[in-house]
Amino acid sequence: MKFAAVVTLAVALLAGSATAYTSSSFAGSRAALASGRAAAGRSALRMEDFGFLKGSGIGFDDLWEGQAVISERALENELNAQGLRYKMNKTAKEAEVCGPLGFDIEIGPIKLNAPRVDSIWEAMGFAATSNNEARQKVKLEAQAKAAADPTGARAKYLGKYGYPRLVGTKGIFYADQLSTDKEPMGGFGMYKSGVMWPVPAVVESGCYGGKRGWGGKAGKK
């Protein structure tokens with residue numbers, strides 16, 4: 001009986017019938033050198049418990065079940081639920097509204113969907129962006145949270161130096177300035193000025209002369 005149980009367990013482990021989280025499931029490529037030779041393309045084992053630790057509090061499912069970061073697909077679904085894009089891909093709702101660029105191909109059980117993008121340039125990545133309206137909204141909310149001044153530290157610094165460094169508040173948030181922004185973001189929110197080369201108007205308003213640039217400094221309108 002003991003021998004049969006051991007054989008059954010061995011077969012299950014080899015065939016993968018037991019719950020397994022292998023190095024190929026949740027591991028990226030390792031670019032470091034190993035033993036003096038390049039190890040690019042190999043996988044580094046992260047965790048593998050075959051379900052034996054389930055219910056113990058330290059098993060894979062105990063630690064990671066329901067976590068959006070468990071896979072790229074789960075993370076994409078979580079971000080899409082908030083209206084945010086993953087890796088510059090349109091959300092499922094945005095893709096549905098956009099429709100296919102070209103036509104879908106279906107041969108028996110195999111279906112190849114055309115990319116759901118606005119142009120061939122977006123499909124190639126040149127015009128793709130993660131900066132949709134949902135992301136811009138989140139940037140503005142994070143910016144406002146960082147600029148909150150419950151103790152008056154920000155106002156004191158503004159009065160002394162002329163620009164609101166975000167020390168003593170809730171930290172510094174960098175709102176990247178992109179041509180797809182509807183509102184100027186202003187970067188670090190320090191109301192700096194100056195541009196090195198021609199930029200879109202919404203970016204210029206965020207770094208020079210606008211409400212998020214020089215015009216936002218103390219005494220400037």
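# Exercises on a predicted model

Leucine 101 has a relative accessibility of 32%, so the residue counts as partly exposed. Keep that value at hand for the first exercise, and remember throughout that the model is predicted.

**Exercise 1. Place leucine 101 in the chain, classify its exposure, and find the surface patch to which Leu101 belongs.**

Solution. Start with the position: leucine 101 sits in the loop that runs from helix H4 (92–98) to strand E3 (105–107). Next, take the exposure. Partly exposed covers the range between under 20% and over 50%, and leucine 101, at 32%, is therefore partly exposed. Finally, look at the surface around this side chain. Leu101 joins Ile120, Trp121, Met124 and Phe126 in a nonpolar patch, and together these residues have about 570 Å² of accessible area.

**Exercise 2. Find how many aromatic pairs the structure holds, and work out the geometry of the rings of tryptophan 121 and phenylalanine 126.**

Solution. First the count: there is one aromatic pair in the structure. The ring centres of tryptophan 121 and phenylalanine 126 lie 6.1 Å apart and the planes meet at 65°; since planes over 60 degrees apart count as edge-to-face, that is the class of this pair. Now link this back to the patch: Trp121 and Phe126 are both among its members. To finish, check how phenylalanine 126 meets the surface: its relative accessibility is 62%, so this residue counts as exposed.

**Exercise 3. Describe the salt bridge between arginine 73 and glutamate 76, and say whether each partner is buried or exposed.**

Solution. Begin with the total, for context: the structure holds eleven salt bridges. In this one, the side chains of arginine 73 and glutamate 76 come together with an N to O distance of 3.1 Å. Then look at the sequence positions. Both residues belong to helix H3 (residues 72–81) and stand three residues apart, about one turn of the helix. The last step is exposure. Arginine 73 is exposed because its relative accessibility is 56%, whereas glutamate 76 is buried because its relative accessible area is 14%.

**Exercise 4. Work through the pair lysine 90 and aspartate 118: how far apart is the contact, and which parts of the chain does the pair link?**

Solution. The two side chains meet in a salt bridge at 3.1 Å, N to O. This pair connects distant parts of the chain, 28 residues apart: lysine 90 is in the loop between H3 and H4, and aspartate 118 is in the loop between strand E4 (110–112) and helix H5 (120–123). For exposure, lysine 90 has a relative accessible area of 14% and is therefore buried, while aspartate 118 reaches 56% relative accessibility and so counts as exposed.

**Exercise 5. Build up the surroundings of aspartate 176, from its salt bridge with lysine 139 to the wider network.**

Solution. First, the salt bridge: the side chains of aspartate 176 and lysine 139 meet at 2.7 Å, N to O. Distant parts of the chain are linked here too, with aspartate 176 in the loop between helix H7 (153–161) and helix H8 (201–207), and lysine 139 in helix H6 (residues 133–147). The C-alpha atoms of the two residues are 8.3 Å apart, although 37 residues separate them along the chain. Lysine 139 is buried because its relative accessibility is 4%.

Now widen the view. Leaving out residues up to four places away in sequence, aspartate 176 touches Arg135, Lys139, Asp181 and Met185. A network of salt bridges links Arg135, Lys139, Asp176 and Asp181.

**Exercise 6. Find which residues asparagine 80 touches, and say whether asparagine 80 is buried or exposed.**

Solution. Asparagine 80 lies in helix H3. Its relative accessible area is 18%, so asparagine 80 is buried. Beyond four places in sequence, its contacts are Arg85, Tyr86, Thr91 and Ala92.

**Exercise 7. Step back and summarise the protein and the confidence of the model.**

Solution. Count the elements first: there are eight helices and four strands, in the order α-β-β-α-α-α-β-β-α-α-α-α from the N terminus on. Then consider burial and surface. Of the 221 residues, 24% count as buried; the accessible surface is about 15,200 Å², and carbon and sulfur atoms account for 59% of that area. Last comes confidence. The average pLDDT is 74, and 64% of the residues score at least 70. Over residues 11–34, pLDDT stays under 50, and the model has 41 contacts beyond four places in sequence for this stretch.

Methods: Residues numbered from 1 in each chain as written. Predicted model: local features only at pLDDT ≥ 70, side-chain atom pairs only at ≥ 80, totals over all residues. Heavy atoms only, no water. pLDDT = per-residue confidence, 0-100. Contact = heavy atoms within 4.5 Å. Patch = residues over 30% accessible without salt bridge, like charges linked within 9 Å, V, L, I, M, F, W, Y side chains within 5 Å. Areas by Shrake-Rupley, 256 points an atom, 1.4 Å probe, with all protein chains shown as cover. Salt bridge = Lys/Arg side-chain N within 4 Å of Asp/Glu carboxyl O. Helix = DSSP H or I, 4+ residues; strand = E, 2+ residues; numbered from the N terminus. Buried < 20%, exposed > 50% of the residue type's maximum accessible area, 1.4 Å probe, protein only. Phe/Tyr/Trp six-rings, centres within 6.5 Å; stacked < 30°, edge-to-face > 60°.
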